[in-house]
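User: Could you walk me through this structure, one question at a time?

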Amino acid sequence: MDRRDFLKTAGVGIVAAGAAAPTAALAKGKTYNWRMTTTWPPKSPVLMDACELFVKKVETMSGGRLKVQLFAGGELIPPLQTFEAVQQGTIQMGSSASYYWAGKVPEAQFFSTVPFGFNFQQMVAWLYHGGGLELWHEIYAPHGLIAFPMFNTGVQMGGWFRKEIKSLADLKGLKMRIPGLGGKILAKAGVNVTLLPAAEIYQALERGVIDATEWIGPFHDNIMGFYQAAKYYYYPGWHEPGTMGELIINKAAWDSLTPDLQEIIKCACAEITLWGLTAFESRNGAALQELIQKHGVKLRKFPKDVLDQLRKFSKEVYEEEAAKNPKFKKVYESFLAFQKKITPWAAISEKAFYDEMMG
Ligand code: CA
């Protein structure tokens with residue numbers, strides 16, 4: 001097929017598909033009134049802003065046919081019960097991250113972030129062009145759920161520590177708040193891992209219930225005030241190189257939507273992903289300077305041998321989980337194959353560029 005034929009054929013396909021959906025949807029003329037919960041604290045900057053923006057966009061794009069009442073974490077249900085609430089359908093949607101469900105669906109963690117895994121652009125490449133999204137839907141289907149990528153933090157920070165980490169031995173016995181696979185990896189280094197919702201972290205750190213925590217990055221961590229309770233701020237965020245948020249939806253509720261409303265949700269999710277990523281990226285640099293200069297935070301890089309050891313532990317964790325869970329194995333293999341395929345390109349594109357840009 002030459003290029004003109006392809007364009008002609010593709011164009012016809014788009015017109016045909018575009019004509020059918022809105023007609024069927026408008027014919028139904030139904031208004032949906034949904035509820036949405038989140039794992040984020042009330043008024044949480046960027047995170048709750050993103051949810052509010054999402055709800056407004058969906059209502060505007062749907063001409064008012066899909067109205068969503070938004071609740072922050074804890075307003076209707078505890079933040080970490082989002083999965084169950086949406087599963088039961090008492091609430092139709094939730095904004096969260098799939099690694100919060102590691103205890104119930106360990107294989108879902110790949111759709112949020114993988115330690116030493118994908119950055120943002122690699123993650124979206126896997127999800128949209130490497131079979132990742134289809135796998136995500138396959139994994140959530142038996143739970144009566146469907147999800148779409150919504151929000152991304154970019155590369156996170158390694159976390160806040162009350163004391164310096166000079167060697168692997170310094171990690172042993174530490175109590176740290178860290179979700180997902182990162183927590184399993186640190187457990188191998190002797191860390192006592194805990195998962196607390198956002199609203200409870202500061203107090204736990206301040207009271208010494210935990211010795212360390214990770215959260216997101218300079219902008220949001222500054223607002224959370226962690227510098228008042230721990231002075232050492234570590235990088236890089238080896239455990240969260242480009243964390244993807246999720247919009248988790250009750251599958252029966254999703255199926256009840258007309259095709260145009262489904263497309264509206266997918267488009268709004270994609271736009272919020274871009275909005276969230278850039279909201280953090282545009283603020284993190286200045287916030288880091290404020291933390292160091294105004295709040296006396298001591299910025300530290302994890303020692304190379306600590307990172308090397310954690311990378312080694314990460315492979316052990318993935319292999320162990322894969323050996324006991326066929327679904328984990330299936331998603332891990334897809335992740336690994338895609339990583340193998342894209343890494344040589346990353347080495348001569350992003351990595352080479354960054355090395356040279358920094359001089
Ligand atoms: Ca984090």
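Here is a friendly run of questions and answers, from the whole fold down to single residues.

User: How confident is the predictor on average, and over which residues is the pLDDT below 50?

Analyst: This is a predicted model, and the protein averages a pLDDT of 93. A pLDDT of at least 70 is reached by 92% of the residues. One stretch falls below 50, and beyond near neighbours in sequence that stretch has three contacts in the model. The stretch to treat with that in mind is residues 1-23.

User: How many helices and strands are there, and what is the radius of gyration?

Analyst: The protein has twelve helices and eleven strands. For 359 residues the globule rule gives 21 Å, and the protein is close to that, so it is as compact as a globular protein of that length. Along the principal axes, its C-alpha atoms fill a box of roughly 65 × 50 × 45 Å. The radius of gyration itself is 21 Å.

User: What share of the contacts joins residues at least 24 apart, among those between residues at least 6 apart in sequence?

Analyst: It helps to start with burial: 52% of the 359 residues are buried. As for the contacts between residues at least 6 apart in sequence, the share that joins residues at least 24 apart is 76%.

User: How much surface does the protein expose, and how far apart are the mean positions of its positive and negative charges?

Analyst: The exposed surface comes to about 16,600 Å², with 57% of it supplied by carbon and sulfur atoms. There are 40 positive and 35 negative charges to place. The mean positions of the two sets are separated by 1 Å.

User: Which peptide bond is cis, and where does Pro236 lie?

Analyst: The bond from Tyr235 to Pro236 is cis, and its omega is near 0 degrees. Tyr235 is the last residue of strand E9 (232-235), and Pro236 falls in the loop that runs from there to strand E10 (244-250). The answer, then, is Tyr235 to Pro236, in the loop between E9 and E10.

User: Lys43 and Phe151 have a positive phi without being glycines; which of them is buried and which is exposed?

Analyst: Lys43 has a phi of about 60 degrees and sits in the loop between strand E1 (32-38) and helix H2 (47-61). Phe151, with phi near 95 degrees, belongs to strand E4 (residues 145-152). Exposed means over 50% relative accessible area and buried under 20%; Lys43 has 80% and Phe151 has 7%. Hence the exposed residue is Lys43, and the buried one is Phe151.

User: Where is Leu195, and which residues does it touch beyond four places in sequence?

Analyst: Leu195 is in the loop between strand E7 (192-194) and helix H7 (198-206), and at 32% relative accessibility it counts as partly exposed. Pro179 is 16 residues away in sequence, yet the two C-alpha atoms are 5.6 Å apart in space. Leaving out residues up to four places away, the residues that Leu195 touches are Leu80, Tyr100, Arg177 and Pro179.

User: Is Thr31 buried, exposed or partly exposed, and what does it contact beyond four places in sequence?

Analyst: Thr31 lies in the loop between helix H1 (3-28) and E1. Its relative accessible area is 40%, so Thr31 is partly exposed. Ser62 is 31 residues from Thr31 in sequence, with 9.4 Å between their C-alpha atoms. Beyond four places in sequence, Thr31 contacts Gly64, Arg65 and Lys67.

User: Which helix holds Ala322, and what separates its C-alpha atom from that of Glu200?

Analyst: Ala322 is part of helix H11 (residues 304-324), and its relative accessible area of 7% makes it buried. Setting aside residues up to four places away in sequence, Ala322 touches Phe328, Lys329 and Tyr332. Glu200 is 122 residues from Ala322 along the chain, and their C-alpha atoms are separated by 32 Å.

Notes
Residues are numbered from 1 along each chain as its sequence is written. This is a predicted model: local features need pLDDT of at least 70, side-chain atom pairs count only at pLDDT 80 or more; totals for chains, interfaces and linings use all residues. Side-chain values use heavy atoms; hydrogens and water are left out. Helices (H or I, at least four residues) and strands (E, at least two) are DSSP runs, numbered from the N terminus. The radius of gyration is taken over C-alpha atoms; the globule rule is 2.2 Å times the number of residues to the power 0.38. Buried means under 20% relative accessible area, exposed over 50%, partly exposed in between (1.4 Å probe, protein chains only). Contact means heavy atoms within 4.5 Å. Accessible areas come from the Shrake-Rupley method with a 1.4 Å probe; for residues, only the protein chains shown count as cover. Lys and Arg count as positive and Asp and Glu as negative; His and the chain ends are not counted. The place of a charge is taken as NZ of Lys, CZ of Arg, CG of Asp or CD of Glu. pLDDT is the predictor's confidence in each residue, from 0 to 100.
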